[in-house]
There are 2 protein chains.
Amino acid sequence: MAETEKKEDRRVRRTKKLLTAALTQLMQEKQISEITVRELTELADMNRGTFYLYYKDIYDMLEKIEDSMFEALDRIIDLEENESVDRQTKPILLKLFQFIEENQEMCRVLLSPNGDMSFLHRLNGVMREKCLRFFRAAEAESWDGDFDYHYNFLMFGTAGLIRAWVNRGCPESPAQMAELTDHMIRRGGLDLQNN
Amino acid sequence: MAETEKKEDRRVRRTKKLLTAALTQLMQEKQISEITVRELTELADMNRGTFYLYYKDIYDMLEKIEDSMFEALDRIIDLEENESVDRQTKPILLKLFQFIEENQEMCRVLLSPNGDMSFLHRLNGVMREKCLRFFRAAEAESWDGDFDYHYNFLMFGTAGLIRAWVNRGCPESPAQMAELTDHMIRRGGLDLQNN
DNA sequence: TGACAAAGTCAACACAATGTTGATTAATGA
DNA sequence: TCATTAATCAACATTGTGTTGACTTTGTCA
């Protein structure tokens, strides 16, 4: 459990970084399933056996990368919770988008057609915990047993927003995106007349 | 291009149906990438060589299954367009949810953690065309260059709703879901006070 | 109904990626 | 500096792949 224990040997850091870079590149070109350990290590210019020192297979590697991302996200958002006393969603969204911007390369491939559904689901799960406190406290009794539906709509919608944003290369600032997301969540996307 | 040309030999239909059932089952248990042609055909109780008569590999098979789903969806929604003259989003949503209900097994696995990101993206693309006419004609000039963001939020949000629904086994009727979705799209998920 | 065409079976094949090994060399950090 | 640990390299059995040709079974349609 004790993550980032002390910090690894420089060679280990180097190796993992090279492998991650190679994987990110390959995932832009093809399905994860089509990526072999052989070509990954060839691209990273290292011995094939070295890969197995750290990962069981490609999927195990991707999962471990996601692990460390979620850990970082966890730290950031828990920190936020202490700072802000008010019940706004915006601060938490701002932190989220700042995090996405910093990890935009990996987020882009994970949300691309070659991406990983389980990443979406994990993001869904992690954010759900964070959001529950905000939502439940607010006057959200209106959705009773429908919370699941409401939450899934808003979370997946936000994921769609993130996807579009990273696909464009994050031209807007995290603050702008947090503002837009907050607006979408509160007032919906269609400002139509009531029919 | 000429799809469903005449209709295939009964043996071909049988084979493809058995393979599809086997794939659906296996995808509930494991990642697509971990599914081998060998075990798939063993489960379907047929010769391994038979698989290669129709599909290049597992991914090719999944893609072809998705193809036929999108074809069916296309027909349904194009039909709808002729029937309804008004500019409501609800009729199109109703047809969508009816379609999902009929294909709920496959939809459930495709949207599960073991699912297929490219399915989401294809759904995104197909529905985008359909929705453009409705949205553009409506008073939706408010979002100008931001259409992409709005659309992605609403489409992914709807996908999240679909996911939650099929995961529960579609207890609500398609009409109820269309109503809920319409509400989410128009008024957003949070009915909070304007802060 | 019966004949022909097409689908499915079976065994065999070369090929490629996997995951693991033991011995050796190189880099790190205290 | 030196003991420790990472990385390399070659080799290995194993497994899935994709394809072949000869065969048996099944469906279609005249």
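## Worked exercises: salt bridges, a helix and two DNA strands

The side chains of Lys64(A) and Asp60(A) form a salt bridge, with N and O 2.9 Å apart; the term stands for a side-chain nitrogen of Lys or Arg within 4 Å of a carboxyl oxygen of Asp or Glu. This is a predicted model, in which local features need pLDDT of at least 70, side-chain atom pairs count only at pLDDT 80 or more, and totals for chains, interfaces and linings use all residues. Residues are numbered from 1 along each chain as its sequence is written, chains are lettered from A and ligands numbered from 1 in the order in which they are written, and side-chain values use heavy atoms, with hydrogens and water left out.

**Exercise 1.** Find where Lys64(A) and Asp60(A) lie, and state how exposed Lys64(A) and Asp60(A) are.

*Solution.*
- Step 1: Both residues belong to helix H4 (residues 58–83) of chain A, four residues apart, about one turn of the helix. Helices here are DSSP runs (H or I, at least four residues), numbered from the N terminus.
- Step 2: An α-helix has 3.6 residues a turn, so residues three or four places apart point the same way.
- Step 3: Lys64(A) is partly exposed at 38% relative accessible area, while Asp60(A), at 17%, is buried. The classes are buried under 20%, exposed over 50% and partly exposed in between (1.4 Å probe, protein chains only).

**Exercise 2.** Trace the salt bridge between Asp148(B) and Arg168(A).

*Solution.*
- Step 1: The N to O distance in this pair is 3.7 Å.
- Step 2: The pair crosses between chains, linking Asp148(B) in helix H8 (residues 147–167) of chain B to Arg168(A), in the loop between helix H8 (147–167) and helix H9 (174–187) of chain A.
- Step 3: Arg168(A) is partly exposed, with 37% relative accessibility.
- Step 4: For the overall tally, the structure holds 21 salt bridges over all chains.

**Exercise 3.** Describe H9(A) and its packing partners.

*Solution.*
- Step 1: H9(A) has 14 residues and reaches 20 Å from first to last C-alpha, close to the expected 20 Å. That expectation is 1.5 Å times one less than the number of residues.
- Step 2: Its buried residues include Met177(A), Leu180(A), Met184(A) and Ile185(A).
- Step 3: The buried residues of H9(A) pack against helix H5 (90–102) and H8 of chain A, and against H8 and helix H9 (174–187) of chain B. Contact here means heavy atoms within 4.5 Å.

**Exercise 4.** Work out how the protein meets DNA strand C.

*Solution.*
- Step 1: Among the 18 residues around DNA strand C, Arg48(A), Arg11(B), Thr15(B), Thr50(B) and Tyr54(B) come nearest; a residue is near if one of its heavy atoms lies within 4 Å.
- Step 2: Sugar and phosphate make up 67% of the atoms of DNA strand C within 4 Å of the protein.
- Step 3: A polar side-chain atom of Arg48(A) lies 2.9 Å from a base oxygen, and a backbone N or O atom of Arg11(B) lies 2.8 Å from a phosphate oxygen.
- Step 4: H1(B) gives the most to this surface, three residues.

**Exercise 5.** Do the same for DNA strand D.

*Solution.*
- Step 1: The nearest of the 17 residues around DNA strand D are Arg11(A), Thr15(A), Thr50(A), Tyr54(A) and Arg11(B).
- Step 2: Here sugar and phosphate account for 69% of the strand atoms within 4 Å of the protein.
- Step 3: A side-chain N or O atom of Arg11(B) is 2.7 Å from a base oxygen of DNA strand D.
- Step 4: H1(A) supplies the largest share of this surface, three residues.

Terms used:
A polar contact is a pair of N or O atoms within 3.5 Å; within protein, one must be able to donate a hydrogen and the other to accept it, and residues adjacent in sequence count only if both atoms are side-chain atoms. Helices (H or I, at least four residues) and strands (E, at least two) are DSSP runs, numbered from the N terminus.
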